[in-house]
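Please look over the sequence and model shown here before reading on. The report that follows takes up annotated positions, the surroundings of a ligand and the domains, in that order.

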Amino acid sequence: MGTFKIEGGHQLKGSIQPQGAKNEALQILCAVLLTSEKITINNIPDIVDVNKLIALLKKLGVKVEKLSKGVYTFQADQVNLAYLESDQFKIDGRGLRGSIMIVGPLLARFGRGYIPKPGGDKIGRRRLDTHFEGLIKLGAKFGYSKEEQFYGVEAERLKGTYMLLEEASVTGTANILMAAVLAEGKTTIYNAACEPYLQQLCKMLNRMGAKISGVGSNMLVIEGVDRLGGTEHTMLPDMIEIGSWIGLAAMTKSELTITNVSWNDLGLIPETFRKLGITVERRGDDIHIPAHNDGYEIQSFIDGSILTIADAPWPGFTPDLLSIILVVATQARGSVLVHQKMFESRLFFVDKLIDMGAKIILCDPHRATVIGHDFKSTLKATTMTSPDIRAGVSLLIAALSAKGTSTIQNIEQIDRGYENIDERLRAIGAHIERID
Ligand SMILES: CC(=O)N[C@H]1[C@@H](OP(=O)(O)OP(=O)(O)OC[C@H]2O[C@@H](n3ccc(=O)[nH]c3=O)[C@H](O)[C@@H]2O)O[C@H](CO)[C@@H](O)[C@@H]1O
Ligand SMILES: C=C(OP(=O)(O)O)C(=O)O
C-alpha cells in the first residue's frame, strides 16, 4: 500500500497542465473495439485505470502501439474472444469501472459481450440495470450468474428501437450508444447522459462513420451503419482534475494558472467554485487563480438562506467534484450545505476532516453542512487512508493546507485517476513525497 508524506502550510506557485480526461479515455478506449481499422488516440492520461484497460484490450487481441507520451494506436482486427471465457478475464474485468464499456462494442461487432461485476470506487451501490436494460431493448439476450457476479449479453443482430433510460447513466449511455451505432435501423436514446465525455465519444464515432445526431443533448438519435472505420481522436483536459486544482489553489492561498482547460467544456464548474467566493479568472483558455490571502467568502442564496451545492446529471454539477467543494469550504468564510444526491457512501470521509479540526455536521449519508474556519484555525496534520479517488485528493488538499506533516495511505486510489500527482505538485512547490 503506497503512502504520501505531506508537509502542509506552504504556498504553491506556478502553472499546471491538466491531464487528458480519465472518464473520457475509458469510453474512447472501448470504442476501438468497434472497427478492424487503426485508431490513433492523443492525450491519453498515464493513470492506473487507463493502463489497466489498455492491458485488458491487449489481452483481447487488440494491437496497441505507443507512439509517444500519451499517443497510442489501436487496431482490433484479430480479437481473441476466448479471453472473455478465461479466469484471467474475471480478474482483469473487475479491476476498474470503465471495463463495463467493452460490452456494448463486443455485442455489436461480435454478437456477444461479457463482464464480471466491474470495480471502481466503493461509494455506494453502483448498479448496471440501465446498461443491460438498454442492450436488451436492442434485442440482446441477457444472462447473469449471481454466484460469479458475471454478466453476459448475446444477439445475432441488434435492432434499433426507442428507449427512455431510467436514469442518465454516464457509462450506461456510452455502452448502449456503442451497441446502437452498429444496430439495424434507428435507435433513439432519451434521457441520455450528455457529459463532455459522451459528446467526445459521439464525435469520434461519427468520424468513424456512425450517424449520431443530438450530440450534447439528452436525446441521441442513431441511424445504424454496417461498419465503422479508423480515425484519430484527442482527449479533452480532465475537468475533474481542473476542479481539483482550483480547490487546491484556494485552500493553500496559492497563485496558480491551470493551462489549456477547454473553458467551453467546463459547464458549471467555474461558477460553482465562484459561489464559494473563489476568484476564477479566465485568461484565454487558461484559468488563473490569484492567491486568496484574505480568504474567500461563501455566497448566500438571493433570499439570504444558506447556499446548497448539489450534484446533478450534466449539465448539472458533477458529483465527482463535491468532495473537493466540501474540503475547500472548511476554510471559507460562511457555511454551505453539500448535497451528494447520487452516491450513498461518498461523504463518509468527512470523519477524517473532522479529526483534522474541520467543522462539519454529517446530516445523513447524502448531506453535510460545512461551517468554514476562515483560516482562523488551520487544520491539524494527521494520518489517514484514502477511501476513494476524489476523497483521496480532497484529503491531500487538506493535508497541503494543514499545519505539520500528514500521511495518506492507500494512494493507489489517487493514482487511479491523477497522473504522476506527486511530481506535478512538487513542480509548483508542494512538499510531498511518495513512500512505499
Ligand atoms: C468511469 C466513469 O465514467 N465513471 C463516472 C460515471 O460512473 P457511472 O457511469 O458508473 O455512474 P452512473 O452515471 O451510472 O450513475 C452514478 C450514480 O448516480 C445515480 N444517478 C445517475 C443518474 C441519474 O440521473 N440519477 C442518479 O441518481 C446512479 O444511480 C448511480 O448511483 O458517472 C458518475 C456520475 O457522474 C461519475 O461519478 C463517475 O466518475
Ligand atoms: C467515481 C469515479 O471513478 P470510477 O467511476 O472509475 O470509480 C471518479 O472518477 O470520481
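Leaving aside its neighbours within four places in sequence, which residues is arginine 97 in contact with? They are Pro118, Gly119, Gly120 and Thr171, where contact means that the C-beta atoms of two residues, placed from the backbone, lie within 7 Å.

## Basis of the model

This is a predicted model, in which local features need pLDDT of at least 70 and side-chain atom pairs count only at pLDDT 80 or more, while totals for chains, interfaces and linings use all residues. Residues are numbered from 1 along each chain as its sequence is written, and chains are lettered from A and ligands numbered from 1 in the order in which they are written.

## Annotated positions

According to the UniProt annotation "binding site", taken from an unreviewed entry, the positions covered are Arg97, Asp320 and Met342; such positions are given in the numbering used here, feature names are shortened, and annotations may be inferred rather than shown by experiment.

Arginine 97 sits in the loop between helix H3 (87-93) and helix H4 (103-110), helices being DSSP runs of H or I with at least four residues and strands runs of E with at least two, numbered from the N terminus. Arginine 97 is partly exposed because 19 other C-beta atoms lie within 10 Å, given that 20 or more make a residue buried, 12 or fewer make it exposed, and counts in between make it partly exposed, with C-beta atoms placed from the backbone.

Aspartate 320 lies in the loop between strand S17 (307-310) and helix H10 (322-329), and counts as buried because it has 23 C-beta neighbours inside 10 Å. Apart from neighbours within four places in sequence, aspartate 320 is in contact with Ile240 and Arg390.

## Surroundings of ligand 1

Of the 18 residues around ligand 1, those that come nearest are Asn23, Ser169, Val170, Thr171 and Met342; a residue is near a molecule if its C-beta atom, placed from the backbone, lies within 6 Å of it. Helix H1 (22-31) and helix H6 (170-180) each supply at least two residues of this shell, and H6 gives the most, with 3 residues.

## Domains

The domain assignment gives domain 1 (3-19 + 237-435) and domain 2 (22-234), with bounds that come from an automatic or database assignment. Their contact takes 19 residues from domain 1 and 16 residues from domain 2. The shell around ligand 1 draws at least three residues from each of the two domains.
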